[in-house]
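This report describes two helices, a ligand shell and one strand residue. The sequence and structure come before the details.

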Amino acid sequence: MRASLLQVAVNKDETVGSRRSRVAGMVRDQAGADLVVLPELWTTGAFAYEDFADEAEPLRGPTHDAMAAAARDAGVWLHAGSVPERDPDGTLYNTSLVFSPSGELAAVYRKIHRFGFDKGEAVLMGAGDTLVTVRLPGTVLGVATCYDLRFPELFRGLVDAGAETLVIPAGWPERRRSHWTLLAQARAVENQAFVLACGTAGTHAGVPQAGHSIVVDPWGEVLAEAGPDEQVLTVDFDPTTVAGTRDRFPALKDRVLGLDRPTTGT
Ligand SMILES: NC(=O)CCC(=O)C(=O)O
């Protein structure tokens, strides 16, 4: 399986409309890949909180339409990263869209763990509450978004639902790049799954982005890693090695579920 991660630069000097057209062209250039992955909130920038409300779109808004057409033209599965979505009830969500090679919307994932603690995304957006997997020919994707990477229980849920390839669009900042790499490898090793983690480049809202999109195999080995700038990271991987790894080193079968709370010492 060939995957291309498009590590898009998100800078303030480019309008959302221009970036949308440019990224659609980048997706079209990936004809021949099986799967193309975009980052989190690449229209606005994940930290451009002040733009979320103005740039929010309905689910089937301009980014949906542009990415559906690009996926169809390229004939690829497209994880189009996420957009600020405005639900008909007015609530904003950080919503990922996955398209089939015919341009059909195959899956929608609203980010469950919102970043910012008591500000930013955490207060401006609603939280999703549903795990999402997507069956592709040859593998099952489990999808998560950026800050979700810090919550291993979410990924265990995806594995329990059949996920073999974990796809994580992000807008991860440079100052926590070491966490990004470490957590991507940890999620791959503990879940014996491929991890495809696609970040942004550039600087928006004064936050330099880490770039360094990364693909990790089920043994935790880094198959490919981008640099800091805009880049297309293309990797060939064999999803059947997930089953082989899980058979040869069956740690997932040794899980002990439903542990009691710890007792306190006397
Ligand atoms: N957009 C995000 O979710 C940022 C996450 C982040 O910066 C971190 O977990 O650190």
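Helices (H or I, at least four residues) and strands (E, at least two) are DSSP runs, numbered from the N terminus. Just after helix α5, Gly 162 has a positive phi of about 110°. The model is predicted: local features need pLDDT of at least 70, side-chain atom pairs count only at pLDDT 80 or more, and totals for chains, interfaces and linings use all residues. Residues are numbered from 1 along each chain as its sequence is written.

**Extent of the domain**

An unreviewed UniProt entry places the feature "domain: CN hydrolase" at residues 1-239; such annotations may be inferred rather than shown by experiment. Over residues 1-239 the chain is 24% helix and 29% strand, with the end C-alpha atoms 7 Å apart.

**Helices α5 and α6**

A residue counts as buried if 20 or more other C-beta atoms lie within 10 Å of its own, as exposed if 12 or fewer do, and as partly exposed in between; C-beta atoms are placed from the backbone. Contact means that two such C-beta atoms lie within 7 Å. The arc is that of the directions from the helix axis to the C-beta atoms.

| Helix | Buried residues | Packed against or covered by |
|---|---|---|
| α5 (152-160) | Phe 155, Leu 158, Val 159 | includes β6 (132-136), β7 (139-143), β8, α6 |
| α6 (177-191) | Trp 180, Ala 184, Arg 187, Ala 188, Asn 191 | α5 (152-160), β8 (165-169), β9 (194-198), β12 (214-216) |

In α5, Phe 155, Leu 158 and Val 159 are buried. They cover an arc of only 100° around the axis, which puts them on the same side of α5.

In α6, Trp 180, Ala 184, Arg 187, Ala 188 and Asn 191 are buried. Because these fall within an arc of 95° seen down the axis, they line one face of α6. The face turned away from the buried side carries the exposed Ser 178 and Leu 182. Gln 192 follows α6 and has a positive phi near 50°.

**Ligand shell**

Residues around the ligand, with a C-beta atom within 6 Å of it, are Glu 40, Ala 46, Phe 115, Cys 146, Tyr 147, Arg 150, Gly 171, Trp 172, Pro 173, Arg 176 and His 179. The shell divides into six nonpolar, two polar and three charged residues. Here Ala, Val, Leu, Ile, Met, Phe, Trp, Tyr, Cys and Pro count as nonpolar, Asp, Glu, Lys and Arg as charged, and the others, Gly among them, as polar.

**Val 235**

Val 235 lies in strand β14 (residues 231-236). With 19 other C-beta atoms within 10 Å, Val 235 is partly exposed. Not counting residues up to four places away in sequence, Val 235 touches Ala 3, Val 215, Leu 223 and Ala 224.

Key:
The expected span of a helix is 1.5 Å times one less than its number of residues.
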